[in-house]
Amino acid sequence: MTSPQQDSAVPEPQAAPEAPAAAPAVPAGSAEAEQIRSAYAFEGARIHLGALLADGGAGEPDPSVPVNLSVAMLNRHGLIAGATGTGKTRTLQVIAEQAAHAGAAVFVADMKGDLSGIAVPGAASEKLTARAAARGQEWVSRAAPTEFYTLGGQGEGVPIRTTVSDFGPVLMSKVLELNETQESSLGLIFHYADAQGLALLDLKDLRALIQFLTSDEGKGELKGIGGISSATAGVILRSLTAFEASGADVFFGEPAFDTQQLLRTQGGTGIISCLELPGVASRPALFSTFMMWMLAELYQELPEVGDAEVPKLVFFFDEAHLLFKDASKAFLDQVVQTVRLIRSKGVGIFFITQTPKDIPGDVLAQLGNRVQHALRAFTPDDAKALKATAKTFPTSEHDLEEVIPALGTGEAIVTVMSEDGAPTPVAITAVRAPESSMEPAGAEVITAAVAASPLQAQYGTAVDNESAYEILQQRAAKEAEAQDAAAGKGAGPAADGTAAPAERAAKPAAKTASKDEGFFQNPAVKSFLRSAGTVLGREITRGLFGTRRRR
């Protein structure tokens, strides 16, 4: 395992023991072998996926017919699909580690904790050596430098957080599971905060603003741009309460993560950013939406580079179906726009899911590189999905509806984007072995890597800076003190034993927003919000998914 800052810790690649020579499985001059060999023999840098399987997938792999993926075409995006247990994770690992060694930064999400071994050199064995030789692979034991992350610090890794303002109304609506009407209303609330230059750092800031804008004093503030009903506001607040109660408040706040950190390289090798997610597996909408936020941020911040020999970043989006589940039309439209346009920023996206039907058609049409592992047709719905999957591939001499369910673990049908921009013919492929470990890295390896990371000092400790919630409370308390002093009531305890006015003014500042409803009706609060633009900065502008433009 290596950490990004420890060049000396990168182990030298170790060759595997020699394997016995594999017998040719396909006649070297067969029409299929020649077609695949020619179609996948790219001139530029390439990723070796494996070798052609003979006899329509029923035979042995032919090491003389490699199946490759052009590094320059990684920004044409891709799909890795297949049933559980068919080898999707290992295919992801094979592509990710080779992309990193080619010089591209890589982002992967470790859903079940079984991908962390990508940080550890693989262990050689006779079985592994024989498998590699049969696929034409010169196997060596090596791993790329790896940085481990977690969402909000839940688990081992450098914490990734963002502010509510940066996250934006569209993505926030997705994680709060709001309908389109409620999403529109939340958008108005963000618009008001943006126009006033009012930064929303964490969830309590958003709650405070919603409560004020739906109070008698605050309703007029939204009247000019439409306003929202108290019923809709109530639904949003209840969703926000449930979201906070689930522990999701730790994902929002400061220091906000800079997605440029995902683009780092070390000595010509891309750093693999591995997001550990077992701790948030019960919040699928949250982690999938957070990954979409990263892509939206990258799209907004990266300059146009066109087609490069090596992409800046290859982003693997695991469990992709969770991103699209119950998504609004506005959300889906912006996913399509991001996927369509981000390739010119030097970013390639690979979606990982079970079947292509999990991906909306407009997104699927943008995925030029396809690796399809086995699907099983146990039900009529499975059979329908299988038929639809087969039709997403180029015309083949093989009956893919028969081939796909017959594939073994570690076997797949492949078509990729050639260097001239055309899809390659379908190749039934035996996928090569990863060079990094196929076993989890272990807690001690991850802990050591995080402790040695230069990012831990920057992002490791949450900071609760003064923001809308605190400023509003302070202003209200001062206004109350001033009003009491003007009325001559600030001397000390009242005759009836009640607290002094200064104490009464301080108490609301200690209450939570949910208990202090009167606070948001205070004229001082309204006055502050009207002048917030001059206090907190210029008006905020937004891009894709309503995320804040920071540069």
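In helix α7, the buried residues (under 20% relative accessible area with a 1.4 Å probe, protein chains only) are Leu203, Asp205, Leu206, Arg207, Ala208, Leu209, Ile210, Gln211, Phe212 and Leu213. Ten of the eleven residues of α7 (residues 203-213) are thus buried, so this helix is largely enclosed by the rest of the structure. The model is a predicted one, in which local features need pLDDT of at least 70 and side-chain atom pairs count only at pLDDT 80 or more, while totals for chains, interfaces and linings use all residues. Residues are numbered from 1 along each chain as its sequence is written, and side-chain values use heavy atoms, with hydrogens and water left out.

Stepping back to the whole protein chain, there are 21 helices and 16 strands, taken as DSSP runs (H or I, at least four residues, for helices; E, at least two, for strands) and numbered from the N terminus. Of its 551 residues, 55% are buried. Among contacts (heavy atoms within 4.5 Å) between residues at least 6 apart in sequence, 79% join residues at least 24 apart.

A helix pair rounds off the picture. Helix α5 (residues 169-176) packs against helix α10 (residues 284-301) at an angle of about 165 degrees, their axes 9 Å apart; axes are lines fitted to C-alpha atoms over the stretch in contact, and angles run from 0 to 180 degrees between N-to-C directions. The two helices, α5 and α10, are therefore roughly antiparallel, a term for angles over 145 degrees. Leu171, Lys174 and Val175 of α5 meet Ala285, Leu286, Thr289, Met292 and Trp293 of α10.

Notes:
Buried means under 20% relative accessible area, exposed over 50%, partly exposed in between (1.4 Å probe, protein chains only). Angles under 35 degrees count as roughly parallel, over 145 as roughly antiparallel, 65 to 115 as roughly perpendicular and the rest as oblique.
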